Each structure stands twice: as C-alpha cells, then as structure tokens.
Amino acid sequence: MEYIAYPIAIGINLVLQALWFILPAYFANSSPVLGHKLFGEYNYPIDFGKKLKDGKRIFGEGKTWNGLFFGVAVAVIVGYAQSTIQASYQMNGFLPMSIQLAFLLGLGALTGDLVKSFFKRRIGFERGQSLFPFDQIDFILGAFLFSLILVPFNCIYLAILLIITPVIHWATNYVGFKLKLKKEPY
Ligand code: CTP
Ligand code: MG
C-alpha cells in the first residue's frame, strides 16, 4: 500500500509547495476586478485611453491603475501573512515567502496580464473577449519571470502551475461572475 501512497503524497506535497509559492500572484490576478469595483470613480486606464496606429487601444479599458495598485497591494499583504505563518510553523520543503518576493510575484503577474492584453488588442480581440489559454497563464509566466530576481527557476513548480491554473482560474472567475463582479463567466 505504501508503494502507491508514497508517490501520491510526494505529488500532493509538490502541488501544495507550488501553490504556496504562487499564492500572491493568484491574489494579484483576481483582485483588480474588486479594486475596479470598489474604486470605480477612480478608474484610470493604464494606457490613458490612447490608441495605436491600428486604431485599437494600447491595453484597453479593462486595465486600470487602481486595478494594478490594488492587485499588487493585496499580493504584498498575502505574502506578509504567509511569511508570518512560516515564522511560526516549520514548513519543510516550502520556499520561504517574503514581502519582497510577494511584491515581485504580484507586479509580475499583472505585468504578464498587461502584455497579454497588448497582444489581444493588436490581433483585434475586444476587452473581455476570451483568448484561451493565454488569459489563464499570462500571470503565471509574468510572476515566474519577475520572481527570478530573488529565487532560482523551478521548472517543476512551473509545470504544475501551468497545468492546474487554467482549472482554478476558471473556477474563481465563475465565482466572480456569479457575484456579479465580472461580466463574463471566464
Ligand atoms: N482589472 C483592472 N486593472 C488591471 C487588471 C484588471 O481594473 N490591471 C479589472 C477590470 O475591471 C477587468 C477585470 O479586472 O475587466 C478582469 O480582468 P481581465 O480579465 O484581466 O481583463 P479583461 O476585461 O478581460 O480585459 P482583456 O481583454 O484585456 O484581458
Ligand atoms: Mg478577461
């Protein structure tokens, strides 16, 4: 029995480690929609409404400064909570979270999201129009890239997250849609 249980336990442990590492990025990616709603009267698009020569917006109405600041702030708060937990509990094998790392993960996540929106506008996709799988993994790639400033590249974490994130992303977006925070269920 332990021949089967052991590898499964290792697998679950790795998934939890990867989720622990990326948690600030998950929060950064899913909270701008809330920031957008809470500070609705201060919605300043990051591109200031500017269009490129193709007649399309640089990023679009869905990418705002308040969303960006709110998302990064939430990521930092989550990272701080994680570092507090790790100061009290021994979590062997888990990468220590820090405010600095959480900041990079949050900023990287939303930069990845921004870069994706830039390309969506260039190929003529309207704001909110789904572009699978890039809508789902953009923030993971951005967060990973920015995190390299502080931590070594972990290809196993990346592989795990690229597989499970589209599922989790869809689930959280669906909740946001049901709570009327989002216009589309994806
Ligand atoms: N949001 C924001 N600022 C950001 C990112 C997101 O205000 N930097 C808010 C917007 O209200 C946005 C919502 O979060 O509509 C959902 O984000 P996302 O799905 O990334 O944007 P879309 O509206 O789908 O736009 P795009 O087509 O450019 O991806
Ligand atoms: Mg979207």
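**Notes on a predicted helical model and its ligand**

1. Tyr42 counts as partly exposed, at 46% relative accessibility. That label applies because partly exposed is the class between buried, under 20%, and exposed, over 50%. Please keep in mind as you read that this is a predicted model. Tyr42 belongs to the loop between α2 and α3. If you would like a long-range distance to try in the viewer, take Tyr42 and Pro185: they are 143 residues apart in sequence, and their C-alpha atoms are 25 Å apart in space.

2. Phe48 is another residue to look at in the loop between α2 and α3. What is the sign of its phi angle? It is positive, at about 55 degrees, although Phe48 is not a glycine. The relative accessibility of Phe48 is 58%, so this residue counts as exposed, the class that begins over 50%.

3. Now to the ligand. How many residues surround ligand 1? There are 17, and the closest are His36, Lys63, Thr64, Ser117 and Arg127. If you want to know where in the model to look, the space taken by ligand 1 is the largest pocket.

4. Which helices help to build the shell around ligand 1? Helices α2 (32-38), α3 (65-88) and α4 (99-122) each supply at least two residues. The most comes from α4, which gives five residues to this shell. Sorted by class, the shell has eight charged, six polar and three nonpolar residues.

5. Some polar distances around the ligand are worth displaying. An oxygen atom of ligand 1 is 2.5 Å from an N or O atom in the side chain of His36. For the side chain of Asp113, the distance from one of its N or O atoms to a ligand oxygen is 3.1 Å. With Lys120, a side-chain N or O atom and an oxygen atom of ligand 1 are 2.9 Å apart. As for cover, ligand 1 on its own has 570 Å² of accessible area, and the protein covers 89% of it.

6. Helix α4 also holds Val115. Buried, partly exposed or exposed: which word fits Val115? It is partly exposed, because its relative accessibility is 41%, and that class runs from 20% to 50%. Val115 and Phe59 are 56 residues apart in sequence, while their C-alpha atoms are 8.1 Å apart in space.

7. Just ahead of that helix in the numbering, have a look at the loop between α3 and α4, where Pro96 has its place. Pro96 is exposed, with a relative accessible area of 60%. Measured by sequence it would be counted 14 residues from Gln82, and the C-alpha atoms of these two residues are 8.3 Å apart.

8. On the other side of α4, you can find a cis peptide bond. Which residues does it join? They are Phe132 and Pro133, and omega is about 0 degrees. Pro133 lies in the loop between α4 and α5 (134-147).

9. The loop between α5 and α6 is the place of Ile149. With 63% relative accessibility, Ile149 counts as exposed. Ile149 and Leu104 are 45 residues apart in sequence, and 8.2 Å separate their C-alpha atoms in space.

10. For a contact within the protein, turn to Gln17 in helix α1 (residues 2-30). Is Gln17 buried or exposed? It is buried, because its relative accessible area is 11%, and buried means under 20%. The side chain of Gln17 makes a polar contact with the side chain of Tyr157, at 2.6 Å.

11. A last stop is Lys180, in the segment after α6 (155-178). Its phi is near 65 degrees, a positive value in a residue other than glycine. Lys180 is also exposed, with a relative accessible area of 66%.

Methods: Residues numbered from 1 in each chain as written. Chains lettered and ligands numbered in written order. Predicted model: local features only at pLDDT ≥ 70, side-chain atom pairs only at ≥ 80, totals over all residues. Heavy atoms only, no water. Near = heavy atom within 4 Å. Polar contact = N/O pair within 3.5 Å; in protein donor to acceptor, adjacent residues only side chain to side chain. Areas by Shrake-Rupley, 256 points an atom, 1.4 Å probe, with all protein chains shown as cover. 1 Å grid on protein atoms, 1.4 Å probe; cavity = no way out; pocket = protein on both sides within 12 Å on 5 of 7 lines; lining within 4 Å. Sits in = over half its atoms within 2 Å of the grid points. Helix = DSSP H or I, 4+ residues; strand = E, 2+ residues; numbered from the N terminus. Nonpolar A, V, L, I, M, F, W, Y, C, P; charged D, E, K, R; others polar. Buried < 20%, exposed > 50% of the residue type's maximum accessible area, 1.4 Å probe, protein only.
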